[in-house]
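Got your viewer open? Let's take a walk through this one together, stop by stop.

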Amino acid sequence: MRSILRAIRRLAPASTKDISRAVGLPVPIVAAVGNELRTRGLITRERPSQLTPAGRALVTELGMDLTLDATCRTCDGRELVIPEVLDEAVARLTAIMESGPAADMALDQSKCTPETKVRRVLALLTAGTLPGGSLLLVGDDDLISLAVAVVGDVLGAPLVDQVTVVDISPEILGYIERVSADLGTRIETVQHDLRNPLPEKLHRQFDVAMTDPPYTPEGARLFLSRAVEGLRPGPAHSIFLSFGGKSPDEMLQVQREIMELGLVTNGYIRNFNEYEGSGILGGVGFFQHLLTTSATAPSQEGDYKGPLYTGDKRSRQRLYECVACGELIRVGAGAKWGSVGVLRAEGCPNCGRGPFRPGPLVPAGPEGQPRHADGRPRPQGAPEPAAEPAAPEPTEEAAPPGPSSRTWQPPTAGERGLLEERAAPYVTRQADEQDLPEIGDFEVDIARISFGGDAVDDPVRHRTRLARAMEKSKEGMIVAHRPGDPAIGWLWVSINQNTMTGDRYANFRSLAVAPVERRAEVAELLISSGLEFAVQHGLTEVVGRVHVGNVPMRTLYRKFGFTPTNLVMKLRLPAGDEDRPSARQDPSHAER
């Protein structure tokens, strides 16, 4: 907490990624801490984050109100600067990356940036391991072999006598072979599963090695051990290790593996590597220069059979929610999508879009049987419970409600008490002006889900509209919250009149619940409160409009007895017609 507060004070305004990079904590942890600080009024609700007056007072009270930053502004703490003469190399590597193989998330692959590739080559030159000699790349999804060749081509002379790439991917190796053919550097490619020892012909052959292994202690140990197998015997040979930031306990494991290999650290640079993937780590990783000693020896003799990649160590699946349509998707070992990176690349199976919001781990029984949130066994193939995002919003001129096949009955006192117990610690109450910041943000989320890129997503406009509505009446405006905390759920019920028949009916204009624990229960509590409001006002029918792809919302509606009556058809007209006022966004016509 102190580290994050210091970082916000020093970097403000600071994005979550910038804070993550500064403090070395994963982005989800920084985001969660930020939400807690925001809830307590210590940082601004607007992003990028800054301290509020209360936050500044707290930082001062803790003796941390200092903004001194001694980081080099030229290299940004990376110790190396790319000279202008190598700008061409960066540009060429950018083009090479664009047409190269996609990263395989199942193998913990993520592409480092073109600038990082050039910096790694500069690190080899600065350490005196290049030019000349032989280089072994233990895995090369980052295409460092091509970076060495491109930098040499730009400078007019090869930097190394021989580069050998050992990798499991035939796509990566084939691409390296095709691109390197005209670059003047001899690159040997060897397809090989590094769970097995290096081929004998590669043992004790190389002057220097480089590796960016799977981001597990086991991955670091195995890939470093294979690098040691390939180096010539004797002290002072270099291995360059790139690795993602982990918790102190996990990093202790990695450093122990390094010590057990008989290696010593000659240099270490935080945030040296930047990646296009690895968003959970802030998109950065460290760069460590290791040296062999007289005691250096491989630590993995023979084949390796244990877990290696991050996915290998995850036995539990996690639910991810598509923000665009609310679809819940299992991700993890045994699921169709082994990682959220693969899911992002393919898109939501329901709507083809994204992004995706992480949810809870999938509960499992003693034999791995999935279970409901309350612990009851769930039959294989049974649908997931709905964890609801934004709900449907009908139009102001909704079609007359049709007859329902089932009449909703208000819950008994006992049933209501049970629902409140399941939703605890959250309760409902009438919304008021103090809730405008939260419900304004909910309306932004609803607009984005409803209208995508055409959404009006200025929270100030939504708050102004809601404030005007509150001035007329707050009836039907309901929020869910933990007593003393800001709202985490929002329901807006209006009373409408059918212009043709004169009949009055309840209209669910907005429904949204933040991604909190017991989210589905909170959504049920809000809907129950809305239906009770309708009954109290003598209304006999309720309508709600839902996006056809929002399966969780449709499921939740059906649970309360709603039945589908109308289907809205939509057709896109030529771009010129989209500028007509009638085609622009009307907030009363949102659908989720």
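## The whole protein first

Start with everything on screen: of the 592 residues of the protein, 47% count as buried. Keep in mind as you go that this is a predicted model. Colour by secondary structure and you'll have 16 helices and 15 strands to look at. The fold also brings together parts of the chain that are far apart in sequence: among contacts between residues at least 6 apart, 71% join residues at least 24 apart.

## Stop 1: two helices crossing

Select residues 87–98, which is helix α5, and residues 114–126, which is helix α6. How far apart are their axes? They are 8 Å apart, and the two helices pack at an angle of about 125°. That makes α5 oblique to α6. The handedness of the crossing is right-handed.

Now show side chains where they meet. On the α5 side, pick Ala 89, Val 90, Leu 93, Thr 94 and Met 97; on the α6 side, pick Pro 114, Glu 115, Lys 117 and Val 118. Sorted by class, this contact has 6 nonpolar, 1 polar and 2 charged residues.

## Stop 2: a five-stranded sheet

Next, jump to the later part of the chain. Here is an open sheet of 5 strands, in the order β11-β12-β13-β14-β15, with mixed pairing. As background, strands of a sheet pair through backbone hydrogen bonds, either parallel or antiparallel.

Which strands stand at the edges? Select 427–430 for β11 and 542–543 for β15: each has a single partner strand, so one side of each is left without a neighbour in the sheet.

Now zoom in on β13, residues 487–497, and β14, residues 504–513. They pair in the antiparallel sense over 9 bridges. Two pairs are good to click on: Trp 490 has Ala 512 of β14 as its bridge partner, and Leu 491 stands opposite Leu 511 in β14. Follow the chain from β13 to β14 and you trace a hairpin with 6 residues between the strands. In that turn, Gly 502 has a positive phi of about 80°.

On the other side of β13, β12 runs antiparallel to β13, and 5 bridges join the two. Click Met 477 to find it opposite Trp 492 in β13. This pair of strands forms a hairpin too, with 5 residues in between, and Gly 484 in the turn has a positive phi of about 95°.

Is β13 mostly covered or mostly open? Mostly covered: 9 of its 11 residues are buried.

## Stop 3: helices on the sheet

Keep the sheet visible and add residues 459–472, helix α14. This helix packs on the sheet, touching β12, β13 and β14, and its direction makes about 55° with that of β13. Then add residues 519–536, helix α15. Helix α15 also packs on the sheet, where it touches β11, β12, β13, β14 and β15, and its direction makes about 160° with that of β14.

## Stop 4: a buried glutamate

Select Glu 438, which sits in helix α13, residues 436–451. Is Glu 438 buried or exposed? With a relative accessible area of 9%, it is buried, because the cut-off for buried is under 20%.

Show what Glu 438 touches: leaving out residues up to four places away in sequence, you get Arg 45, Pro 486 and Ala 487. Then draw a distance to Trp 490. Glu 438 and Trp 490 are 52 residues apart in sequence and 8.7 Å apart in space, C-alpha to C-alpha.

## Stop 5: backbone oddities in the loops

Finish with a few loops. Pro 355 is in the loop between α11 and β10, and the peptide bond leading to it from Gly 354 is cis, with omega near -5°. Pro 425, in the loop between α12 and β11, also follows a cis bond: the one from Ala 424 to Pro 425 has omega near 10°.

Then go to Arg 204, in the loop between β3 and β4. Arg 204 has a positive phi of about 55° although it is not a glycine. At 56% relative accessibility, Arg 204 counts as exposed.

Last one: Ala 236, in the loop between α9 and β5. Ala 236 is not a glycine either, but has a positive phi of about 75°, and at 56% relative accessibility it counts as exposed.

Technical notes:
Residues numbered from 1 in each chain as written. Predicted model: local features only at pLDDT ≥ 70, side-chain atom pairs only at ≥ 80, totals over all residues. Heavy atoms only, no water. Axes fitted to C-alpha atoms, helices over the stretch in contact; angles between N-to-C directions. Helix = DSSP H or I, 4+ residues; strand = E, 2+ residues; numbered from the N terminus. Parallel < 35°, antiparallel > 145°, perpendicular 65-115°, else oblique. Left-handed = near helix turned anticlockwise from the far one by under 90°. Contact = heavy atoms within 4.5 Å. Nonpolar A, V, L, I, M, F, W, Y, C, P; charged D, E, K, R; others polar. Pairing = 2+ DSSP bridges. Buried < 20%, exposed > 50% of the residue type's maximum accessible area, 1.4 Å probe, protein only.
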